[in-house]
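Me: I would like to go through this model with you and ask, for each label, what justifies it. Please set the values against the cut-offs as you reply.

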Amino acid sequence: SAHPMNAQPAADGEEITREDYLRQLIGDLEAESALVAQEEQILGFMAKLVALDAMALAEGMSEATGAEGPSGINAGPGLAAAVDLFVSN
């Protein structure tokens, strides 16, 4: 009976029943699970924004250099400027 696992559970310094303690643990886990789901959703949105920015940069570079697409021969000096943009800072 002196074992620490036999002690009455406490929350905020007050003793509570084991059932209330389990309910509190379940509520805490559900809250943490909801936060993880929100983080996952936010990271998905951020990835979409990065992809859209990359597409806009690619379109802007192709317009600025006069490239005709992936098979275009005219790559132009604008690509070097794009590399400097990502390498700096």
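Me: How much area does the protein chain expose, and what share do carbon and sulfur atoms supply?

Reply: The protein chain exposes about 7700 Å², and 62% of that comes from carbon and sulfur atoms, where accessible areas are those of the Shrake-Rupley method with a 1.4 Å probe, and for residues only the protein chains shown count as cover. This is a predicted model, in which local features need pLDDT of at least 70 and side-chain atom pairs count only at pLDDT 80 or more, while totals for chains, interfaces and linings use all residues. Residues are numbered from 1 along each chain as its sequence is written, and side-chain values use heavy atoms, with hydrogens and water left out.

Me: What is the confidence in the protein chain, and where is it lowest and highest?

Reply: The mean pLDDT (the predictor's confidence in each residue, from 0 to 100) is 79, with 73% of residues at 70 or more. Helix α2 (residues 78–87) has the lowest confidence, at a mean of 64, and helix α1 (residues 18–65) the highest, at 91. Where pLDDT is low, the predicted coordinates should not be read in detail.

Me: What makes the contact of Asp 20 and Arg 23 a salt bridge?

Reply: A salt bridge requires a side-chain nitrogen of Lys or Arg within 4 Å of a carboxyl oxygen of Asp or Glu; the side chains of Asp 20 and Arg 23 meet at 2.9 Å, N to O, and therefore qualify. Both residues lie in helix α1, 3 residues apart, about one turn of the helix, and the search of the whole structure finds 1 salt bridge.

Me: Why is Arg 23 called exposed, and why is Asp 20 called partly exposed?

Reply: Buried means under 20% relative accessible area, exposed over 50%, and partly exposed in between (1.4 Å probe, protein chains only). Arg 23, at 55%, therefore counts as exposed, whereas Asp 20, at 37%, is partly exposed. Of the 89 residues of the protein chain, 8% count as buried.

Definitions and conventions: Helices (H or I, at least four residues) and strands (E, at least two) are DSSP runs, numbered from the N terminus.
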